[in-house]
Amino acid sequence: MSPASVSSQHEPLPTSVFLAIFSAVFLPMFLAAVDQTLLATATPAIVEDLGGLRQASWITIGYMLAMAASVPIYGWLGDNFGRAKILMIALVVFALGSVVSASAWTMDHMIAGRILQGLGGGGLMSLSQSLVGELVPIRQRARFQGYFAAMFTLASVGGPVIGGFVVHAYSWHWLFWANIPLVMLAVWRLNRLHKQSVKPVRQGRFDLLGVLLFPAIITALLYWLSVAGQDFAWLSATSLGFMGFICVGALVLLWWERRRESSFLPLDLLANKAIYMPLFTAALFAACLFAMIFFLPIYLQVGLHTNPAKTGLLLMPMTFGIVTGSTIAGRLLSRDVAPKWLPTFGMGLAFIGLLLIGLVPPNANLIGALGVLVGIGLGTVMPSVQLVVQSVSGKARLSQITAMVSLSRSMGAAIGTALFSLLLYGLLPLEGAQVGIAAIKQLPIEVVHHAFQWGFIAAALVALSCAIVGYLSPATPLKDHDTEPLPKAASPAD
(Lines give C-alpha, C1' and ligand atoms only; values in the text may rest on other atoms or scores of the structure.)
Protein backbone atom coordinates (compact mmCIF):
# COMPACT_ATOMS: atom_id res chain seq x y z
CA MET A 1 0.00 0.00 0.00
CA SER A 2 1.36 3.44 -0.84
CA PRO A 3 2.36 5.84 1.92
CA ALA A 4 -0.56 7.67 3.42
CA SER A 5 -0.18 11.37 3.42
CA VAL A 6 -2.51 13.93 4.89
CA SER A 7 -3.23 17.19 3.14
CA SER A 8 -4.99 18.78 6.07
CA GLN A 9 -4.56 18.72 9.82
CA HIS A 10 -8.31 18.15 10.10
CA GLU A 11 -8.62 15.36 7.55
CA PRO A 12 -9.16 12.10 9.49
CA LEU A 13 -6.57 9.37 9.39
CA PRO A 14 -7.34 6.41 7.13
CA THR A 15 -8.67 3.59 9.31
CA SER A 16 -5.88 1.22 8.26
CA VAL A 17 -3.19 3.75 9.26
CA PHE A 18 -4.92 4.49 12.56
CA LEU A 19 -5.15 0.79 13.40
CA ALA A 20 -1.52 0.15 12.41
CA ILE A 21 -0.25 2.80 14.84
CA PHE A 22 -2.84 2.17 17.55
CA SER A 23 -2.21 -1.58 17.65
CA ALA A 24 1.54 -1.03 17.96
CA VAL A 25 1.42 1.37 20.91
CA PHE A 26 -1.76 0.36 22.73
CA LEU A 27 -0.41 -2.80 24.37
CA PRO A 28 2.75 -1.24 25.88
CA MET A 29 0.66 1.57 27.39
CA PHE A 30 -1.94 -0.86 28.70
CA LEU A 31 0.71 -3.09 30.32
CA ALA A 32 2.37 -0.12 32.04
CA ALA A 33 -0.92 1.29 33.34
CA VAL A 34 -2.60 -1.90 34.52
CA ASP A 35 0.44 -3.16 36.43
CA GLN A 36 0.35 -0.11 38.71
CA THR A 37 -2.85 -1.37 40.37
CA LEU A 38 -3.18 -4.98 39.16
CA LEU A 39 -1.93 -6.55 42.39
CA ALA A 40 -4.07 -4.48 44.77
CA THR A 41 -6.55 -7.34 45.25
CA ALA A 42 -4.00 -10.12 44.63
CA THR A 43 -1.54 -9.11 47.38
CA PRO A 44 -3.26 -11.11 50.17
CA ALA A 45 -2.99 -14.30 48.10
CA ILE A 46 0.67 -13.58 47.31
CA VAL A 47 1.43 -12.99 51.01
CA GLU A 48 -0.36 -16.22 51.93
CA ASP A 49 1.91 -18.17 49.55
CA LEU A 50 5.21 -16.32 50.02
CA GLY A 51 4.98 -14.82 53.50
CA GLY A 52 6.65 -11.49 54.18
CA LEU A 53 3.63 -9.46 55.26
CA ARG A 54 5.78 -6.52 56.39
CA GLN A 55 7.37 -6.32 52.93
CA ALA A 56 4.12 -6.67 50.99
CA SER A 57 3.72 -2.94 50.30
CA TRP A 58 6.93 -3.09 48.28
CA ILE A 59 5.17 -5.19 45.66
CA THR A 60 3.60 -1.90 44.53
CA ILE A 61 6.13 0.62 45.86
CA GLY A 62 9.09 -1.13 44.20
CA TYR A 63 7.34 -1.13 40.83
CA MET A 64 6.32 2.54 41.08
CA LEU A 65 9.77 3.69 42.23
CA ALA A 66 11.60 1.86 39.46
CA MET A 67 9.09 3.07 36.87
CA ALA A 68 9.32 6.73 37.91
CA ALA A 69 13.11 6.71 38.18
CA SER A 70 13.67 5.15 34.74
CA VAL A 71 11.20 7.27 32.73
CA PRO A 72 13.57 10.18 31.85
CA ILE A 73 16.34 7.72 30.92
CA TYR A 74 14.09 6.15 28.32
CA GLY A 75 13.19 9.63 27.09
CA TRP A 76 16.82 10.49 26.39
CA LEU A 77 17.52 7.09 24.83
CA GLY A 78 14.43 7.29 22.63
CA ASP A 79 15.40 10.67 21.19
CA ASN A 80 18.97 9.55 20.55
CA PHE A 81 18.61 5.95 19.37
CA GLY A 82 15.05 5.61 18.04
CA ARG A 83 11.80 5.49 19.99
CA ALA A 84 10.41 2.25 18.54
CA LYS A 85 13.73 0.43 19.08
CA ILE A 86 14.08 1.54 22.72
CA LEU A 87 10.41 0.74 23.36
CA MET A 88 11.02 -2.84 22.22
CA ILE A 89 13.96 -3.06 24.65
CA ALA A 90 11.73 -1.76 27.45
CA LEU A 91 9.17 -4.46 26.63
CA VAL A 92 11.83 -7.16 26.88
CA VAL A 93 12.93 -5.84 30.32
CA PHE A 94 9.29 -5.77 31.42
CA ALA A 95 8.82 -9.38 30.25
CA LEU A 96 11.93 -10.52 32.16
CA GLY A 97 10.53 -8.89 35.30
CA SER A 98 7.23 -10.71 34.72
CA VAL A 99 9.03 -14.07 34.49
CA VAL A 100 10.96 -13.39 37.72
CA SER A 101 7.75 -12.37 39.52
CA ALA A 102 5.72 -15.31 38.21
CA SER A 103 8.34 -17.80 39.38
CA ALA A 104 8.93 -16.13 42.78
CA TRP A 105 9.25 -18.43 45.79
CA THR A 106 10.00 -15.73 48.40
CA MET A 107 8.79 -12.18 48.94
CA ASP A 108 12.29 -10.82 48.24
CA HIS A 109 12.25 -12.68 44.92
CA MET A 110 8.84 -11.17 44.12
CA ILE A 111 9.96 -7.63 44.96
CA ALA A 112 13.07 -8.04 42.77
CA GLY A 113 10.85 -9.11 39.88
CA ARG A 114 8.52 -6.15 40.41
CA ILE A 115 11.45 -3.71 40.43
CA LEU A 116 12.71 -5.22 37.16
CA GLN A 117 9.17 -4.90 35.76
CA GLY A 118 9.14 -1.24 36.80
CA LEU A 119 12.47 -0.61 35.09
CA GLY A 120 10.87 -1.83 31.87
CA GLY A 121 7.53 -0.18 32.54
CA GLY A 122 9.18 3.23 32.76
CA GLY A 123 9.61 3.21 29.00
CA LEU A 124 6.28 1.72 27.97
CA MET A 125 4.00 4.66 28.66
CA SER A 126 6.21 7.60 27.67
CA LEU A 127 7.79 6.04 24.56
CA SER A 128 4.41 4.87 23.27
CA GLN A 129 3.01 8.39 23.44
CA SER A 130 6.14 10.00 21.99
CA LEU A 131 6.03 7.48 19.12
CA VAL A 132 2.50 8.66 18.34
CA GLY A 133 3.82 12.22 18.42
CA GLU A 134 6.51 11.25 15.94
CA LEU A 135 4.18 9.65 13.43
CA VAL A 136 0.91 11.59 13.61
CA PRO A 137 0.19 15.33 12.96
CA ILE A 138 -0.74 17.13 16.12
CA ARG A 139 -4.47 17.78 15.62
CA GLN A 140 -5.09 14.23 14.46
CA ARG A 141 -3.01 13.17 17.47
CA ALA A 142 -5.81 14.47 19.70
CA ARG A 143 -7.88 11.45 18.68
CA PHE A 144 -5.16 9.14 19.97
CA GLN A 145 -4.60 11.08 23.18
CA GLY A 146 -8.28 10.96 24.08
CA TYR A 147 -8.40 7.20 23.57
CA PHE A 148 -5.13 6.66 25.42
CA ALA A 149 -6.21 8.77 28.40
CA ALA A 150 -9.38 6.69 28.60
CA MET A 151 -7.37 3.47 28.27
CA PHE A 152 -4.91 4.56 31.00
CA THR A 153 -7.72 5.25 33.43
CA LEU A 154 -9.64 2.09 32.54
CA ALA A 155 -6.48 0.05 33.10
CA SER A 156 -5.73 1.80 36.41
CA VAL A 157 -9.27 1.46 37.74
CA GLY A 158 -9.81 -2.00 36.25
CA GLY A 159 -6.49 -3.40 37.50
CA PRO A 160 -7.83 -4.46 40.93
CA VAL A 161 -10.91 -6.02 39.28
CA ILE A 162 -8.81 -8.03 36.82
CA GLY A 163 -6.42 -9.06 39.57
CA GLY A 164 -9.21 -10.22 41.85
CA PHE A 165 -10.87 -12.26 39.10
CA VAL A 166 -7.65 -13.99 38.05
CA VAL A 167 -6.69 -14.84 41.63
CA HIS A 168 -10.17 -16.17 42.36
CA ALA A 169 -10.47 -18.24 39.18
CA TYR A 170 -6.84 -19.32 38.67
CA SER A 171 -3.69 -18.20 40.53
CA TRP A 172 -1.77 -14.97 41.09
CA HIS A 173 1.09 -16.45 39.02
CA TRP A 174 -1.03 -15.96 35.88
CA LEU A 175 -1.10 -12.19 36.45
CA PHE A 176 2.55 -12.27 35.38
CA TRP A 177 2.62 -15.17 32.90
CA ALA A 178 -0.16 -13.49 30.90
CA ASN A 179 2.20 -10.59 30.16
CA ILE A 180 4.52 -12.74 28.04
CA PRO A 181 2.27 -13.33 24.99
CA LEU A 182 1.10 -9.70 25.17
CA VAL A 183 4.71 -8.48 25.11
CA MET A 184 5.51 -10.76 22.16
CA LEU A 185 2.53 -9.38 20.23
CA ALA A 186 3.55 -5.79 21.03
CA VAL A 187 7.16 -6.37 19.92
CA TRP A 188 5.96 -7.89 16.64
CA ARG A 189 3.71 -4.92 15.89
CA LEU A 190 6.38 -2.42 16.89
CA ASN A 191 8.94 -4.10 14.67
CA ARG A 192 6.65 -3.39 11.69
CA LEU A 193 6.28 0.21 12.78
CA HIS A 194 9.99 0.61 13.50
CA LYS A 195 10.80 0.34 9.80
CA GLN A 196 8.73 3.49 9.16
CA SER A 197 9.91 5.41 12.23
CA VAL A 198 11.82 8.69 11.96
CA LYS A 199 15.59 8.36 12.12
CA PRO A 200 16.79 9.69 15.51
CA VAL A 201 19.06 12.69 15.82
CA ARG A 202 22.01 12.14 18.15
CA GLN A 203 22.11 15.00 20.64
CA GLY A 204 25.55 14.67 22.19
CA ARG A 205 27.56 12.58 24.63
CA PHE A 206 25.79 10.36 27.13
CA ASP A 207 25.19 12.14 30.45
CA LEU A 208 26.33 9.36 32.80
CA LEU A 209 26.30 11.40 36.03
CA GLY A 210 22.82 12.73 35.33
CA VAL A 211 21.51 9.25 34.50
CA LEU A 212 22.89 7.90 37.81
CA LEU A 213 22.04 10.83 40.07
CA PHE A 214 18.52 11.60 38.89
CA PRO A 215 17.04 8.11 39.55
CA ALA A 216 18.75 8.06 42.96
CA ILE A 217 17.09 11.37 43.92
CA ILE A 218 13.67 10.36 42.62
CA THR A 219 13.86 6.95 44.32
CA ALA A 220 14.83 8.54 47.64
CA LEU A 221 12.06 11.14 47.37
CA LEU A 222 9.31 8.67 46.52
CA TYR A 223 10.48 6.17 49.15
CA TRP A 224 10.59 8.90 51.80
CA LEU A 225 7.06 10.04 50.91
CA SER A 226 5.80 6.45 50.91
CA VAL A 227 7.09 5.26 54.30
CA ALA A 228 7.80 8.39 56.39
CA GLY A 229 5.36 8.56 59.27
CA GLN A 230 4.95 4.78 59.19
CA ASP A 231 8.38 3.10 59.22
CA PHE A 232 10.02 6.13 60.86
CA ALA A 233 8.89 9.51 62.20
CA TRP A 234 8.82 12.52 59.87
CA LEU A 235 11.39 14.39 61.98
CA SER A 236 13.56 11.39 62.88
CA ALA A 237 17.26 11.20 62.01
CA THR A 238 16.44 8.79 59.17
CA SER A 239 13.86 11.15 57.70
CA LEU A 240 16.19 14.15 57.99
CA GLY A 241 18.92 12.11 56.29
CA PHE A 242 16.62 11.44 53.34
CA MET A 243 15.67 15.13 53.12
CA GLY A 244 19.34 16.15 53.21
CA PHE A 245 20.28 13.72 50.44
CA ILE A 246 17.35 14.83 48.27
CA CYS A 247 18.13 18.55 48.65
CA VAL A 248 21.90 18.24 48.16
CA GLY A 249 21.46 15.80 45.29
CA ALA A 250 18.98 18.09 43.55
CA LEU A 251 21.36 21.06 43.81
CA VAL A 252 24.29 19.02 42.46
CA LEU A 253 22.17 17.67 39.61
CA LEU A 254 20.94 21.14 38.67
CA TRP A 255 24.50 22.53 38.72
CA TRP A 256 25.76 19.65 36.58
CA GLU A 257 22.97 19.75 34.03
CA ARG A 258 23.39 23.52 33.49
CA ARG A 259 27.04 22.98 32.60
CA ARG A 260 26.37 20.48 29.83
CA GLU A 261 25.57 21.31 26.22
CA SER A 262 23.51 18.13 25.84
CA SER A 263 21.89 17.70 29.24
CA PHE A 264 20.07 14.59 30.38
CA LEU A 265 17.19 16.74 31.63
CA PRO A 266 15.63 19.21 29.14
CA LEU A 267 16.19 22.23 31.43
CA ASP A 268 15.58 24.76 28.66
CA LEU A 269 12.17 23.24 27.99
CA LEU A 270 11.31 22.93 31.67
CA ALA A 271 12.00 26.65 32.12
CA ASN A 272 9.28 27.45 29.55
CA LYS A 273 5.98 28.44 31.20
CA ALA A 274 4.08 26.77 28.35
CA ILE A 275 5.63 23.48 29.53
CA TYR A 276 6.09 23.66 33.30
CA MET A 277 2.52 24.84 33.92
CA PRO A 278 0.96 21.87 32.06
CA LEU A 279 3.38 19.53 33.88
CA PHE A 280 2.18 20.98 37.20
CA THR A 281 -1.39 20.43 36.01
CA ALA A 282 -0.58 16.76 35.28
CA ALA A 283 0.86 16.29 38.79
CA LEU A 284 -2.20 17.77 40.50
CA PHE A 285 -4.50 15.72 38.26
CA ALA A 286 -2.69 12.49 39.21
CA ALA A 287 -2.96 13.32 42.91
CA CYS A 288 -6.75 13.50 42.58
CA LEU A 289 -7.03 10.43 40.36
CA PHE A 290 -5.01 8.10 42.56
CA ALA A 291 -6.67 9.39 45.72
CA MET A 292 -9.96 8.25 44.17
CA ILE A 293 -8.56 4.93 42.89
CA PHE A 294 -6.99 3.87 46.19
CA PHE A 295 -9.21 5.43 48.85
CA LEU A 296 -12.74 5.58 47.45
CA PRO A 297 -13.02 1.73 47.43
CA ILE A 298 -11.79 1.66 51.05
CA TYR A 299 -14.39 4.24 52.04
CA LEU A 300 -17.17 2.35 50.28
CA GLN A 301 -16.27 -0.99 51.88
CA VAL A 302 -15.17 0.11 55.36
CA GLY A 303 -17.25 3.24 55.87
CA LEU A 304 -20.39 2.31 53.91
CA HIS A 305 -20.20 -1.51 54.23
CA THR A 306 -20.52 -2.36 50.54
CA ASN A 307 -19.25 -5.75 49.38
CA PRO A 308 -16.41 -5.98 46.80
CA ALA A 309 -18.82 -6.71 43.94
CA LYS A 310 -20.98 -3.66 44.67
CA THR A 311 -17.87 -1.54 45.19
CA GLY A 312 -16.77 -2.41 41.67
CA LEU A 313 -20.17 -1.41 40.31
CA LEU A 314 -20.08 1.90 42.22
CA LEU A 315 -16.72 2.73 40.61
CA MET A 316 -18.21 2.28 37.14
CA PRO A 317 -19.80 5.79 36.96
CA MET A 318 -16.41 7.40 37.59
CA THR A 319 -14.80 5.16 34.99
CA PHE A 320 -17.55 5.98 32.49
CA GLY A 321 -17.08 9.68 33.24
CA ILE A 322 -13.33 9.52 32.60
CA VAL A 323 -13.80 7.75 29.28
CA THR A 324 -16.44 10.31 28.29
CA GLY A 325 -14.28 13.26 29.34
CA SER A 326 -11.23 11.91 27.48
CA THR A 327 -13.22 11.30 24.30
CA ILE A 328 -14.82 14.76 24.38
CA ALA A 329 -11.44 16.37 25.05
CA GLY A 330 -9.87 14.59 22.08
CA ARG A 331 -12.63 15.74 19.73
CA LEU A 332 -12.54 19.34 20.98
CA LEU A 333 -8.76 19.53 20.61
CA SER A 334 -9.01 18.34 17.01
CA ARG A 335 -11.39 21.27 16.35
CA ASP A 336 -9.13 24.13 17.47
CA VAL A 337 -10.35 24.49 21.06
CA ALA A 338 -7.53 26.08 23.10
CA PRO A 339 -5.99 23.28 25.22
CA LYS A 340 -5.75 25.38 28.41
CA TRP A 341 -9.53 25.56 28.82
CA LEU A 342 -10.07 21.80 29.01
CA PRO A 343 -8.32 21.21 32.37
CA THR A 344 -9.64 24.55 33.62
CA PHE A 345 -13.29 23.60 33.18
CA GLY A 346 -12.71 19.87 33.67
CA MET A 347 -10.96 20.12 37.02
CA GLY A 348 -13.51 22.73 38.07
CA LEU A 349 -16.15 20.06 37.49
CA ALA A 350 -14.03 17.53 39.41
CA PHE A 351 -13.80 20.04 42.27
CA ILE A 352 -17.59 20.21 42.48
CA GLY A 353 -17.90 16.42 42.40
CA LEU A 354 -15.26 15.82 45.08
CA LEU A 355 -16.67 18.57 47.28
CA LEU A 356 -20.14 17.04 47.09
CA ILE A 357 -18.74 13.59 47.94
CA GLY A 358 -17.22 15.14 51.06
CA LEU A 359 -20.39 17.02 52.05
CA VAL A 360 -23.36 14.80 51.19
CA PRO A 361 -24.75 12.30 53.74
CA PRO A 362 -22.92 8.95 53.63
CA ASN A 363 -24.80 7.05 50.94
CA ALA A 364 -23.01 4.56 48.69
CA ASN A 365 -25.28 4.96 45.66
CA LEU A 366 -25.19 8.76 45.80
CA ILE A 367 -21.40 8.84 46.13
CA GLY A 368 -21.06 6.40 43.24
CA ALA A 369 -23.28 8.61 41.06
CA LEU A 370 -21.23 11.72 41.92
CA GLY A 371 -18.21 9.88 40.56
CA VAL A 372 -19.48 10.73 37.07
CA LEU A 373 -18.75 14.45 37.64
CA VAL A 374 -15.30 13.68 38.99
CA GLY A 375 -14.57 11.29 36.14
CA ILE A 376 -15.59 13.67 33.34
CA GLY A 377 -13.39 16.36 34.85
CA LEU A 378 -10.37 14.08 35.26
CA GLY A 379 -10.76 12.79 31.73
CA THR A 380 -10.14 16.20 30.16
CA VAL A 381 -6.63 16.72 31.52
CA MET A 382 -4.11 14.33 29.97
CA PRO A 383 -5.05 14.73 26.27
CA SER A 384 -4.59 18.51 26.47
CA VAL A 385 -1.41 18.38 28.58
CA GLN A 386 0.23 15.82 26.32
CA LEU A 387 -0.47 17.75 23.11
CA VAL A 388 0.60 21.12 24.48
CA VAL A 389 4.04 20.00 25.69
CA GLN A 390 4.67 17.99 22.52
CA SER A 391 3.71 20.98 20.38
CA VAL A 392 6.05 23.33 22.27
CA SER A 393 9.01 20.93 22.49
CA GLY A 394 9.24 19.95 18.82
CA LYS A 395 9.63 16.55 17.24
CA ALA A 396 13.35 16.06 17.91
CA ARG A 397 12.84 15.97 21.70
CA LEU A 398 9.45 14.30 21.90
CA SER A 399 10.63 11.41 24.07
CA GLN A 400 12.33 13.64 26.61
CA ILE A 401 9.35 15.92 27.14
CA THR A 402 6.80 13.08 27.07
CA ALA A 403 8.90 11.38 29.74
CA MET A 404 8.57 14.54 31.83
CA VAL A 405 4.78 14.26 31.57
CA SER A 406 4.90 10.65 32.78
CA LEU A 407 7.28 11.61 35.59
CA SER A 408 5.01 14.50 36.66
CA ARG A 409 2.06 12.14 36.75
CA SER A 410 4.00 9.56 38.82
CA MET A 411 5.26 12.22 41.22
CA GLY A 412 1.79 13.68 41.62
CA ALA A 413 0.32 10.24 42.29
CA ALA A 414 2.97 9.40 44.89
CA ILE A 415 2.91 12.75 46.67
CA GLY A 416 -0.88 13.02 46.54
CA THR A 417 -1.38 9.49 47.87
CA ALA A 418 1.16 10.06 50.65
CA LEU A 419 -0.39 13.37 51.76
CA PHE A 420 -3.93 11.98 51.50
CA SER A 421 -2.87 9.02 53.67
CA LEU A 422 -1.21 11.36 56.16
CA LEU A 423 -4.38 13.45 56.48
CA LEU A 424 -6.72 10.46 56.58
CA TYR A 425 -4.83 8.46 59.17
CA GLY A 426 -4.17 11.64 61.17
CA LEU A 427 -7.93 12.08 61.52
CA LEU A 428 -8.45 8.47 62.59
CA PRO A 429 -7.68 7.72 66.28
CA LEU A 430 -5.33 4.83 65.58
CA GLU A 431 -2.50 3.89 67.91
CA GLY A 432 1.10 3.70 66.71
CA ALA A 433 1.58 2.17 63.26
CA GLN A 434 -1.73 0.32 63.42
CA VAL A 435 -3.21 1.64 60.19
CA GLY A 436 -4.59 -1.50 58.61
CA ILE A 437 -8.14 -2.01 57.32
CA ALA A 438 -8.96 -4.29 60.28
CA ALA A 439 -8.04 -1.51 62.72
CA ILE A 440 -10.23 1.03 60.88
CA LYS A 441 -13.19 -1.37 61.03
CA GLN A 442 -12.97 -1.34 64.83
CA LEU A 443 -13.52 2.44 64.99
CA PRO A 444 -16.94 4.10 65.44
CA ILE A 445 -18.57 4.52 62.03
CA GLU A 446 -19.10 8.27 62.57
CA VAL A 447 -15.35 8.74 63.07
CA VAL A 448 -14.60 6.90 59.82
CA HIS A 449 -17.15 8.98 57.89
CA HIS A 450 -15.73 12.22 59.29
CA ALA A 451 -12.14 11.32 58.34
CA PHE A 452 -12.92 10.26 54.78
CA GLN A 453 -15.22 13.22 54.16
CA TRP A 454 -12.47 15.65 55.13
CA GLY A 455 -10.10 13.68 52.94
CA PHE A 456 -12.32 14.13 49.90
CA ILE A 457 -12.75 17.83 50.68
CA ALA A 458 -8.94 18.09 50.67
CA ALA A 459 -8.88 16.28 47.31
CA ALA A 460 -11.46 18.81 46.06
CA LEU A 461 -9.09 21.65 46.98
CA VAL A 462 -6.33 19.94 44.98
CA ALA A 463 -8.71 19.74 42.00
CA LEU A 464 -9.52 23.44 42.39
CA SER A 465 -5.78 24.23 42.45
CA CYS A 466 -5.40 22.21 39.24
CA ALA A 467 -8.18 24.24 37.58
CA ILE A 468 -6.48 27.48 38.63
CA VAL A 469 -3.13 26.33 37.26
CA GLY A 470 -4.87 25.45 33.99
CA TYR A 471 -6.41 28.91 33.84
CA LEU A 472 -3.03 30.60 34.48
CA SER A 473 -1.28 28.52 31.80
CA PRO A 474 -0.46 30.25 28.49
CA ALA A 475 -2.97 29.83 25.67
CA THR A 476 -0.58 27.77 23.56
CA PRO A 477 -1.71 27.03 19.99
CA LEU A 478 -1.16 23.51 18.70
CA LYS A 479 1.24 23.34 15.78
CA ASP A 480 3.30 20.75 13.96
CA HIS A 481 6.99 21.25 13.35
CA ASP A 482 7.12 19.51 10.00
CA THR A 483 4.87 18.01 7.37
CA GLU A 484 6.32 14.52 7.11
CA PRO A 485 3.98 11.92 5.64
CA LEU A 486 2.29 9.39 7.82
CA PRO A 487 3.69 5.84 7.86
CA LYS A 488 2.44 3.20 5.48
CA ALA A 489 -0.75 1.51 6.45
CA ALA A 490 -0.28 -2.07 7.52
CA SER A 491 -1.34 -4.64 5.01
CA PRO A 492 -3.60 -7.50 6.14
CA ALA A 493 -0.57 -9.76 6.16
CA ASP A 494 1.12 -7.52 8.71
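**Close-up views of a predicted model**

**View 1. Helices α14 and α15 meet along their sides chains listed here.** Gly346, Met347, Leu349, Ala350, Gly353, Leu354, Leu356 and Ile357 of α14 are in contact with Ile367, Leu370, Leu373, Val374, Ile376, Gly377 and Leu378 of α15.

Key. Residues are numbered from 1 along each chain as its sequence is written. This is a predicted model: local features need pLDDT of at least 70, side-chain atom pairs count only at pLDDT 80 or more; totals for chains, interfaces and linings use all residues. Side-chain values use heavy atoms; hydrogens and water are left out. Contact means heavy atoms within 4.5 Å. Helices (H or I, at least four residues) and strands (E, at least two) are DSSP runs, numbered from the N terminus.
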